[in-house]
Amino acid sequence: MRITLIIGADGASFAHDLATQLDPGELTVIAPTVRDHWSAWLKACPDLDALLGTPGVTPTYGVADQLRSIEYSPEWQRTSDQVVAHRLVRSELIGTGFRLSDATLAAATRADLPYRLLPMSDDRAELHVVVGDDQPRAIHVDEYLADPGAHTPTETVLVAEAWSVSPAVTAVLEQTDVLVLGPSSRTLAIDPVLRTPGLLDAVRDDLPVLVVDHADTAPADLVRVAGLRAADPGVAEPVPAEAAAVVHRARSVVAS
């Protein structure tokens, strides 16, 4: 059975739980990239970074604290030493000509993840939030998320020159038996992936799609200005937010 899970940083623990219920090689995870940005010359991919992490590891912040001590980076870009290590490797690979998909697959292999991990796109597409009424300005979505109460959002803007689903993701979706929309923010994770140009073309109309029950974890004001929720593709049905229940239903629909 081949299961494809769409999920973001807030669902990283679920991805690991789901993998424990499956055989090796059965699970591929597709992560959003609209929160990506460059920080201190490193390619930051918050959703990929979280999904590359090891559950139970206590993070340290030596590099981030040193950067703040010399006032080199803003507080909203503070991240752990473990994530900095991922970003160093990713940035070096991208700098030598590798695509983000290739760099992510390499990182996932080195991290010995129990699933295959792919970004939704190899292209740079960043979500910005327009804030302020008198003097509107656009800020990166992660800057907004660091302190949403300090801003009044009025709209969201996707900044991209060209943007499409990666060939690797297209190949996975064309061969998948079940697509799972994981317990992750619709605004920040699920919908950005579903709205990636070309992605739905790879999802056949009769593909079983399991929609995991989950409340949107994004700030309410951001959900409001982001617009309507994207339609679920394929033949969609809700399932509980339990890894065992998702696997049981997936095996049932594949067997039917």
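# A walk through two sheets, two pockets and some salt bridges

Let's start with a pair of strands: strand 1, residues 3-6, and strand 2, residues 27-31, run parallel and are joined by four bridges. If you want a spot to look at, find Ile 6, whose bridge partner in strand 2 is Ile 30. Keep in mind as you look around that this is a predicted model.

Those two strands belong to something wider. They sit in an open sheet of six strands, ordered 5-2-1-9-10-11, and the pairing is parallel. At its edges you'll find strand 5 (116-119) and strand 11 (235-239), each of which pairs on one side only. From one strand to its neighbour in this sheet there is an average turn of 25°, with direction ignored. As for what holds such an arrangement together, strands of a sheet pair through backbone hydrogen bonds, and they can do so either parallel or antiparallel.

The antiparallel kind turns up here too. Three strands make an open sheet in the order 7-6-8, and their pairing is antiparallel. Strand 7 (137-140) and strand 8 are the edge strands with a single partner strand each, so one side of each has no neighbour in the sheet. Here the twist from one strand to the next averages 35°.

Strand 6, then, has a partner on either hand. Residues 125-131 make up strand 6, which runs antiparallel to strand 8 and is joined to it by seven bridges. Along that pairing, Leu 127 stands opposite Leu 158 of strand 8. Towards strand 7, strand 6 makes four bridges, again in the antiparallel sense, and Val 129 has Ile 139 of strand 7 as its bridge partner. Strands 6 and 7 also form a hairpin, with five residues between them. Look in that turn for Gly 132, which has a positive phi of about 90°.

Now for the hollows. The largest pocket has a volume of about 590 Å³. It is lined by 26 residues, and the closest to its centre are Pro 46, Asp 49, Thr 79, Ser 80 and Val 83. Which helices help to build this lining? Helix 2 (46-52), helix 4 (81-95) and helix 6 (141-146) each supply at least two of the lining residues. The lining is a mix by class, with eleven nonpolar, nine polar and six charged residues.

The second largest pocket holds about 310 Å³ of space. Its lining has 16 residues, and here the closest to the centre are Thr 187, Asp 191, Pro 192, Arg 195 and Ala 226. Strand 8 (153-160), which you met in the antiparallel sheet, gives at least two residues to this lining, as do helix 8 (186-194) and helix 9 (220-226). Helix 8 provides the largest share, four residues. Sorted by class, this lining has eight nonpolar, three polar and five charged residues.

That brings us to charge. Side chains of opposite charge can pair when their charged atoms come close. Across the whole structure, a search finds 17 salt bridges, and a few of them are worth a visit.

Take Arg 251 and Glu 26, which form a salt bridge with their closest N and O atoms 3.3 Å apart. Arg 251 is in helix 10 (residues 243-255), while Glu 26 is in the loop between helix 1 (12-20) and strand 2, so this pair ties together parts that are 225 residues apart in sequence. Is each partner buried or exposed? Arg 251 is partly exposed, at a relative accessible area of 35%, whereas Glu 26 counts as buried at 8% relative accessibility.

Next come Arg 35 and Asp 47, a salt bridge whose closest N and O atoms are 3.9 Å apart. Arg 35 sits in the loop between strand 2 and strand 3 (37-39), and Asp 47 is in helix 2, twelve residues apart. Both Arg 35 and Asp 47 are buried.

Finally, Asp 232 forms a salt bridge with Arg 186, the closest N and O atoms being 3.0 Å apart. Asp 232 lies in the loop between helix 9 and strand 11, and Arg 186 in helix 8, so parts 46 residues apart in sequence are tied together. Asp 232 is partly exposed, with a relative accessible area of 29%, while Arg 186, at 10% relative accessibility, counts as buried. These two also belong to a network of salt bridges that links Arg 186, Asp 191, Arg 229 and Asp 232. You've met Asp 191 already, among the residues closest to the centre of the second largest pocket.

Note on methods
Residues are numbered from 1 along each chain as its sequence is written. This is a predicted model: local features need pLDDT of at least 70, side-chain atom pairs count only at pLDDT 80 or more; totals for chains, interfaces and linings use all residues. Side-chain values use heavy atoms; hydrogens and water are left out. Two strands pair if DSSP finds at least two bridges between them. Axes are lines fitted to C-alpha atoms, for helices over the stretch in contact, and angles run from 0 to 180 degrees between N-to-C directions. On a 1 Å grid over the protein atoms alone, a cavity is a set of points where a 1.4 Å probe fits but cannot get out, and a pocket is an open set with protein on both sides within 12 Å along at least five of seven lines; lining residues have an atom within 4 Å of a point. Grid points are joined across faces, edges and corners, and a volume is the space filled by probe spheres set on the points. Ala, Val, Leu, Ile, Met, Phe, Trp, Tyr, Cys and Pro count as nonpolar, Asp, Glu, Lys and Arg as charged, and the others, Gly among them, as polar. A salt bridge is a side-chain nitrogen of Lys or Arg within 4 Å of a carboxyl oxygen of Asp or Glu. Buried means under 20% relative accessible area, exposed over 50%, partly exposed in between (1.4 Å probe, protein chains only).
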